[in-house]
Each structure stands twice: as structure tokens, then as C-alpha cells.
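Below are my notes on the model, as numbered points. Please read them with the structure open.

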Amino acid sequence: PLPVILDGDPGLDDAIAWLLAFASPQELNVLALTTVHGNVGLDRTTRNAGVTLALAGADVPVYAGADRPLLRPLATAAEFHGESGLPAAGLPEPSRGPEAEHAVNFIAQAVRARPGEVTLVATGPLTNVALAFRLAPDLPALVREVVWMGGSTGEGNRTPAAEFNAFADPHAAQIVLTSGAPVRMFGLNVTMQAVATPERVERLRGLGNRAGRISAELLTFYAGIYRERYGLSGGALHDPLAVAAAIRPELCRMQPMNVQVETHEGLNFGRTVCDLYGVTGKPANVQVAVGVDHEAFFGLLLERVGRLG
Ligand code: BDR
Ligand code: CA
């Protein structure tokens, strides 16, 4: 199995993404969870990492990372994820608290210990990954890959131009995308097609296990906001799609292209500017997901969540 570090900001879709990862031990060997500011504050995302471990019945270390973006002020998304980040009743207590070491130090050591082997699956703002790349400039050449849920080839969700994870730390995203590390990006242009429809939510609930029931409850909360905001029948499974693509790359059609993140404040602040048609002549730095088999993706998610106790 692929050694992976799961870096994110749980956040309900991060938590479901991490359940998917833990339920896939044949494909993924989760080395640790690293947490970052994002949907809610770092204290909550770190606590929620421990809760997710308990839900998955897994035991790996949790490292807390950056509590704020590099330059811009903190931006959260509690509206979509509830004040706690995990809006469900009957959640277990965290089975682990954070280690004393900072996430960024852990990432640097773990990648250096296995040159060319470790994949960073990032489902939040890229602050930790950017800091690790600055702390250890050899890292971009040593990671196997960065798999990131963030950005978009088109529209944004936090602003008309910017997706939340990109908007929450555009400077970090620009550092990572232009670092020379192999990056696969799963943006809104594909994740907004991976919708947790009421029928899919019922199938998760119908699994009959705790992970399925809690996932269904989280997605029911989420659906309310997606219905109201976007007129969609359910919430988009953004982060689970990135983890699914780490498990099964063929779920998404990829296209290499040049991607730069707008770091100047203004209408496009935080936009991932994707050179879809190669008009700049600049070399491709990112493999961008441009198509998704959302039925196959959901089938995988359902099957894997069903494996949990
Ligand atoms: C991303 O933003 C967060 O709210 C979600 O967890 C996901 O990572 C989608 O834009
Ligand atoms: Ca996230």
C-alpha cells in the first residue's frame, strides 16, 4: 500500500474522506493525520481528527499544524460544517490527542525517511505543505505526489473566482503548486459533480454501521446548505473524491496544465488560474482533474465505509 499522510481541516467531508482512507488498507497505509486551520479553527480540526480516528477504529498519530494562513487573515467555513466542524450527535470522544511535535516537522521527517514514496493527501488549505516545503527545500523532489482537493478550472465557491481551500491560503497554494513537486488537483469542476443525493445518503445510512450512520447524518446537515445555496439535491463530496483518486486514479480524467494561484487581492484573489488551452506556453506544473466517474466514485465510498466497524 501507498504510504500517505492525510493533511486536512475536518470538517465533515474531510472526516468522511479520512474514513474512506482508513477503510482502504490494501491501497493506503496512513502514516499520520496532520491538521490545519480551515473549515473551523485548528483546535477543532485537531480534536475532530481524534474523533475520526475513533470512528474509523484506527490508531495513527495526529500532529497539529498551522493555526493560520501564511499572510492573509483566517477564513473559516463553519456555515457549511457547523460550529464544531462535525455536526452529528453521538460522536465518540477523540481516541488520540495531538503529539507534541508540529505537523510541519513531522511531514519533513516522514518524507525524508522514505524518499520518493510518501504521498501527501491534502484536503484543506495548503499552509502545512507550503511550510514543510520552505522548512525542507529538498521535499518537493522527495515526495511521491501531492494530491490536493482545492481550486477549480472554473468558478469558485468562496468567491465567484475562488474555491475555499485556495482562498483560505492562496500564498501557500502558489508555493505548493509551483514547487516542482508532482501535484494532482481535484477542484470544484469535478467535485461539484460528486453529490451526496438523498438516495446516496440513505444508502450510507442503510449500511447499518456507525460510520455509515454518522456519515449520513453529517451529509444531511450539509445537504440543507447546498440546497439553499446552490439548488443542488445534496452536498458535494469534495474531499472524499481526492482520497478516492489516491486509491483509484482512473476515477478521474486528468489533464496536465500550467496552474498559478492569484495572490493579489482583488476580484480574483485565491483563484487557481488554469491554462486549459495552453495559451501561455508555460510548462504544465499540475495534473488537473477534468472529468469524473461519479457513480464509480460513490460505489467505492459506499463499499469502503461499509467495511468499518
Ligand atoms: C473544500 O472546502 C472545505 O469546506 C471542504 O472541506 C473542502 O475541502 C471545498 O471547497
Ligand atoms: Ca477540507
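1. P137 is exposed, because just 10 other C-beta atoms lie within 10 Å of its own, and a residue counts as exposed at 12 or fewer. P137 sits in the loop that joins α5 (127-135) to α6 (139-142). P137 and A108 are 29 residues apart in sequence, and their C-alpha atoms are 9.5 Å apart in space. Please bear in mind that this is a predicted model.

2. A108 belongs to helix α4 (residues 103-113), where A103, V104, F106, I107, A108, A110 and V111 are buried. What do the buried residues of α4 pack against? Their partners are the strands β1 (2-8), β2 (28-35) and β3 (62-64), together with the helices α5 and α6. The loop that holds P137 runs between α5 and α6.

3. P10 is a contrasting proline. P10 is buried, because 32 other C-beta atoms lie within 10 Å of its own, and the cut-off for a buried residue is 20 or more. P10 lies in the loop between β1 and α1. Apart from neighbours within four places in sequence, P10 is in contact with A15, W18, T45, N48, A49, T52, G85 and L86. The C-alpha atoms of P10 and V36 are separated by 8.8 Å, with their positions 26 residues apart along the chain.

4. The bond that follows P10 deserves a check. Most peptide bonds are trans. The peptide bond from P10 to G11 is cis, with omega near -5 degrees. G11 is found in the loop between β1 and α1, and G11 is also listed among the closest residues to ligand 1.

5. How many of the residues of α1 are buried? The count is eleven of eleven, and α1 is thus described as mostly covered. The buried residues of α1 include D13, D14, W18 and F22. Of these, D13 is also among the residues closest to ligand 1.

6. Ligand 1 is surrounded by 15 residues, of which G11, D13, A77, F164 and H238 are the closest. Three elements give two or more residues each to this shell: α1 (12-22), α7 (164-168) and α12 (238-247). By class, the shell has four nonpolar, seven polar and four charged residues.

7. α12 also has a helix partner. Its axis and that of helix α13 (residues 294-305) come within 10 Å and cross at roughly 90 degrees. An angle from 65 to 115 degrees counts as roughly perpendicular, so α12 is roughly perpendicular to α13. P240, L241, A244 and I247 of α12 make the contact with F297, L300 and L301 of α13. The classes in this contact are seven nonpolar, no polar and no charged residues.

8. Some figures for the chain as a whole. The chain has 13 helices and twelve strands. Its C-alpha trace spans about 50 × 45 × 35 Å along the principal axes. The radius of gyration is 17 Å, which agrees with the value near 19 Å for a compact globule of 309 residues. Of the 309 residues, 57% count as buried. Among contacts with a separation of 6 or more, 83% come from residues 24 or more positions apart.

Conventions
Residues are numbered from 1 along each chain as its sequence is written. Chains are lettered from A and ligands numbered from 1 in the order in which they are written. This is a predicted model: local features need pLDDT of at least 70, side-chain atom pairs count only at pLDDT 80 or more; totals for chains, interfaces and linings use all residues. A residue is near a molecule or strand if its C-beta atom, placed from the backbone, lies within 6 Å of it. Helices (H or I, at least four residues) and strands (E, at least two) are DSSP runs, numbered from the N terminus. Ala, Val, Leu, Ile, Met, Phe, Trp, Tyr, Cys and Pro count as nonpolar, Asp, Glu, Lys and Arg as charged, and the others, Gly among them, as polar. Axes are lines fitted to C-alpha atoms, for helices over the stretch in contact, and angles run from 0 to 180 degrees between N-to-C directions. Angles under 35 degrees count as roughly parallel, over 145 as roughly antiparallel, 65 to 115 as roughly perpendicular and the rest as oblique. Two residues are in contact if their C-beta atoms, placed from the backbone, lie within 7 Å. The radius of gyration is taken over C-alpha atoms; the globule rule is 2.2 Å times the number of residues to the power 0.38.
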